[in-house]
Amino acid sequence: MEDAVDGGKAGHRGAHTTLVAELRKAMAGHPRIAKQGDLARAARVSPATVSNVFTMAKVPSGETLDSLARALGITGQALAGLHQLRDRADQRTRRLNDYLVAAQHAAGDHPYPGVLPGMTPPLTAVYLSQQARAGSGESETDHSLRGPANGSLSAEDVLAGTQTCVVLAGPGGGKSSLLRTYLATEVERWIHGRGEQAVPVLVHASALADRPLTQALSEATSTSLASHGLLDQLPPSFFATAPQPDVCWLVLIDGLDEVTDPATRQRILGTVAAIATGEHAGLYRFVVATRPLPLEELGVLGSGIPHYHLQPFTPSDVEHAALSWFRELQVPDPGSAAQRFVQAVHRTRLDDLARVPLMTSMLCHLYAAAPGQPLPAGRGQIYEAFTALLHQRQYADRPSTASFDTHAGLARYGPGALDRAEYTLDRLPELIARLAAKRHSGSTLPMITLMESQPEAQRPPRVPIESWRAFLHMSLCNSGLVTDRAGELVFLHQTLLEYLAARHATRDARAAARALRQVFHRPARYWRFSDAPGLTRRWWGSRYWKPPAEGASDVGFLIDASQEHNLAACTRYLARLASSRAGLRGCEFIAEQAQLGTNLPRHVVASAGDLCAALACDPAFRYNSPLSVRDPDAYMSLSFISPQILRHSRVMVAEVLVKLGDSRAADVLFSLAIDPSLDDLSQVEAARALSDLDDLRAADLLHSLATTSVRGWSRVRAARSLCALSDPRTADLLHSLALASATSLNGEDRLNAAKALCDLDGHRGADLLYSLASDPAQVDRVGAARKLTELSDPRGIDLAYALATDPTFRFRVSPARLLAELGDPRGADLLHSLATDLTLKIGERLDAARALARLHGPRAHDLLYSLASHPAVTESILDMGAGMSAAKELAKAGDLRGTDLLYSLATKPMSRDRVQAARVLADLGDPRGGDVLCSLAMEATVDESHRAYASQVLIELGDPRADDVLYSQATDPAFKSANKAAQLLAERRDPRAAGVPLRTTWVRRLVRNACRSRSWRR
């Protein structure tokens, strides 16, 4: 009651003065309150609090103001007016309001290119909401999809959830538009007093690299919002506390895939994971938007983070989006124009490509510019036509004004300066393409610095440096390809950078031939564990071809651009990948390019389809290894379910056939779904893929599999997939599965069925959950109770308390933690009781103490430290991991005892977790972590696998000593992994790698190639 907020600076003292004057006026008119002491007693606050308010030393908190107003008899509108004055006087509230207003202005900027700078319509005027499909990137125990039973929900609902998540979409798939639109919607709600759970803040992933979160948010938002009306810089402390009581920050992280260094991406994700699961988990929630990334990268976030895939536009969405664009572009009769646009898209066979939001935007601009002309035939041609339109219209609509704007600052330096400016402008497209190539190859220099280094953009002698830089800055921004983001020039969209870089790489026939060879010439030798399924010649040592290692979008633009100069060579490389000499990996590459809209020769696509059809129908076909599963979500869902599905991989080959657009795909999937030689998991996946093609046979197949499959999980998954088809049989089917006896379905599968039923029939689903949670034989009784609480069923809390106090229940910490998370005061008491219960195992007590520390902070730290430093933990191999987690918890909370414990574990001679403890220490910013890792990597008495792991961790952490460690290992004759160390050293471009004596010829070849390799963008 007696807390208060600092009053702040003089800029808001007018509201503060008025607030105090109103309180004095009310006190003067009160019959029984004549002095400040009388008011303090009546309001039940200290005299010092009242004195601070009336002397304007502090702005009263909301609770203090309510107490004073209640004592003075102020209610209704008068009280609301006092709170408005308090909010205006409160510096933090003022800063939040300033941020919201500036963010609202900034969120209207369209992330996609417009035909002319400054003429792009507001994002909200052309934005069309997309659907998102829940993926299984998280390894839940039930392996279920997040969201509704059909796995699909609106993208805005994903962002409005309560959990940190990942939003995935391909190039131009709508990620940036989604984040900006949601930001605009939410800040408007907060401005009008309708905000609820979180205040959003948008930040580019690159801003989070190698700096604390609050500092990164402060710098990024202050810089980006300065041009949108933000007057004062937002300090890090602004983002270090909740924007309002019981409200968190929703950090929208865009462009993670645009951070080119994988180690930097891992550090960014590691920061997100540490905060999302640490002491400040309640203060921040994160949404990470990115193109699909490798499993090992996204896995840094943890196994419980859901992934959502943005779905492309439907055919009707394309027409609606076109209508919005044509209205904003002032096309006559926009409704009819949108219909003709859809017809033109269909005639050019761009139906699938036009479902990508960015492609829709660009195609609408091209159609509006030339309604009677046919649309470009592929993605590369669309980008070529669009950039040509930008260049054509750069000054077309306002020639005299534009010329004046561009050259006004140079006219004073004579005709020579103007001639040089015209010379630079004439070569601007080539210059921008060169800048894109340098940026894509890894250059981090400012774009103006790169531009100045080009001969065509050299400064005239008489022109001052700042004047010439201003001219270059304006020229780049007027191109429509470059924009100013937070004071730094960047390409307007990542795909524009990729396209322009590819154009530069194929600027002539010789450059195109060199780029094609560097990307496509990837021969390999087949060995027993080679990841090369589908080869016809599988003799050991035989040569086969691997697909390009670069990003699919990059290579797609390279293919399109190179066909102008060397069509025969490009076709030869593609045909080689669509043959049995490259196998399934080559077909997957061709399918990915087909989906992107790359211009591929028809016979190449047909050859890839023939090979996939043959493999899918071959009962003997098998994948070579689980690593062949490229999609992270697919790998997680398959690897945790059954190894059999990794052997029966014909379904996945059929899905490649679908991506190729082959007409045989539906029949192949149907035959696989009814093939009794396949396991039921594969049959269900085939039926699900068939349903995605809107095949009428899919519903009956899924219903049959849901009632006849051997595995319970397969039956539940089939039933959930049936729900996506809105089949009326689904609810009864799920109900029967949840009631099934333990002989046909285990408790986990029954629980999954009951959870899915809740999304269709909440009443029946809740009753089933209660029944399962009350069953002692049920595996996940706490999960059932948690789901009941999510449904606001009061039985959930009662069940959780009963489980937490049941001495026969083995996992009492989980229900106690659930109670504490729900705000039940009994939860903290139960956790403390469990943490001090000597009859429990030390690991369980540590879990309880960690949960208590996360909820109650410093009050539980002493208990956590006493358990983490207990000899039963520090001397036990089994419980050492739990002790390390507890020490990490203490360290993240700022308790130095935690880092000391981690250092003790990292230097304990017999500890098998020394490297992991040192890594945690380094991640927390303690320099001792890197020192220990170097020592472990160099120490001959340490196990070799631990030494190799320590050097790998040093690389991931970006430690500058990593190269010296690798060189020491590579030259150590007793180190068995010396060849691997030499290879890593060569990949890091260390010149010492060339002089390392290697033990086998093929490793020498690998190191030599790594030392010689160059980016094809250069």
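In these exercises a residue is called buried under 20% relative accessible area, exposed over 50%, and partly exposed in between. Keep those cut-offs handy as you work through this predicted model.

**Exercise 1. Warming up with the cut-offs**

Which class does arginine 503 fall into, and which class does glutamate 564 fall into?

*Solution.*
Step 1: Take arginine 503, which has a relative accessibility of 25% and therefore counts as partly exposed.
Step 2: Glutamate 564 has a value of 46%, so this residue is partly exposed too.
Step 3: Now look at how the two residues are related. Their side chains meet in a salt bridge, with 2.8 Å from N to O. Glutamate 564 sits in the loop between helix 25 and helix 26, while arginine 503 belongs to helix 23; the pair links distant parts of the chain, 61 residues apart.

**Exercise 2. Confidence in the model**

Find out what the mean pLDDT of the protein chain is, and where pLDDT stays under 50.

*Solution.*
Step 1: The chain has a mean pLDDT of 81, with 86% of its residues at 70 or more.
Step 2: One stretch where pLDDT stays under 50 is residues 137-150, for which the model has 48 contacts beyond four places in sequence.
Step 3: Residues 397-406 are also below 50, and this stretch has eleven contacts beyond near neighbours in sequence.

**Exercise 3. The chain as a whole**

Describe the protein chain by its secondary structure, burial, contacts and surface.

*Solution.*
Step 1: Count the elements: there are 53 helices and 13 strands.
Step 2: Of the 1018 residues, 52% are buried.
Step 3: Among contacts with a separation of 6 or more, 65% come from residues 24 or more positions apart.
Step 4: The chain exposes about 45,400 Å², and carbon and sulfur atoms supply 52% of that area.

**Exercise 4. Two helices and what covers them**

Work out how many residues of helix 25 are buried, then list the buried residues of helix 50.

*Solution.*
Step 1: Helix 25 spans residues 552-562, and eleven of its eleven residues are buried, so this helix is largely enclosed by the rest of the structure. Among those buried residues are Asp554, Phe557, Leu558 and Asp560.
Step 2: The cover over helix 25 includes helix 17 (379-392), helix 20 (428-440), helix 23 (494-505), helix 24 (509-520), helix 26 (567-577) and helix 27 (583-596).
Step 3: Turn to helix 50, where the buried residues are Arg947, Ala950, Ser951, Val953, Leu954 and Ile955. A general point helps in reading such a list: an α-helix has 3.6 residues a turn, so residues three or four places apart point the same way.
Step 4: Helices 48 (914-923), 49 (927-938), 51 (962-970) and 52 (978-987) are included in the cover of helix 50.
Step 5: Check the length. Helix 50 (residues 944-956) has 13 residues and reaches 19 Å from its first C-alpha to its last, close to the 18 Å expected at 1.5 Å a residue. Glycine 958, with a positive phi near 70°, follows helix 50.

**Exercise 5. Positive phi outside glycine**

Where do arginine 349 and aspartate 694 lie, and are they buried or exposed?

*Solution.*
Step 1: Recall that most residues other than glycine have a negative phi.
Step 2: Arginine 349 has a positive phi of about 60°. This arginine is in the loop between helix 15 (334-347) and helix 16 (357-369), and its relative accessible area of 65% makes it exposed.
Step 3: Aspartate 694 also has a positive phi of about 60°. Its loop runs between helix 33 (680-692) and helix 34 (698-708), and at 65% relative accessibility aspartate 694 is exposed.

**Exercise 6. Salt bridges and cysteines**

How many salt bridges and how many disulfides does the structure hold?

*Solution.*
Step 1: The structure holds 36 salt bridges and zero disulfides. Cysteine 723 is buried at 10% relative accessibility, and cysteine 934 is buried at 10%.
Step 2: Glutamate 219 and arginine 211 form one of the salt bridges, with their closest N and O atoms 3.4 Å apart. Glutamate 219 is partly exposed at 33%, as is arginine 211 at 32%.
Step 3: In another salt bridge, glutamate 456 pairs with arginine 434 at 3.0 Å between the closest N and O atoms. Glutamate 456 lies in the loop between helix 21 (447-452) and helix 22 (465-478) and arginine 434 in helix 20, so the pair ties together parts 22 residues apart in sequence. With a relative accessible area of 17%, glutamate 456 is buried.

How values were computed. Residues numbered from 1 in each chain as written. Predicted model: local features only at pLDDT ≥ 70, side-chain atom pairs only at ≥ 80, totals over all residues. Heavy atoms only, no water. pLDDT = per-residue confidence, 0-100. Contact = heavy atoms within 4.5 Å. Helix = DSSP H or I, 4+ residues; strand = E, 2+ residues; numbered from the N terminus. Buried < 20%, exposed > 50% of the residue type's maximum accessible area, 1.4 Å probe, protein only. Areas by Shrake-Rupley, 256 points an atom, 1.4 Å probe, with all protein chains shown as cover. Disulfide = S-S within 2.5 Å. Expected span 1.5 Å × (residues − 1). Salt bridge = Lys/Arg side-chain N within 4 Å of Asp/Glu carboxyl O.
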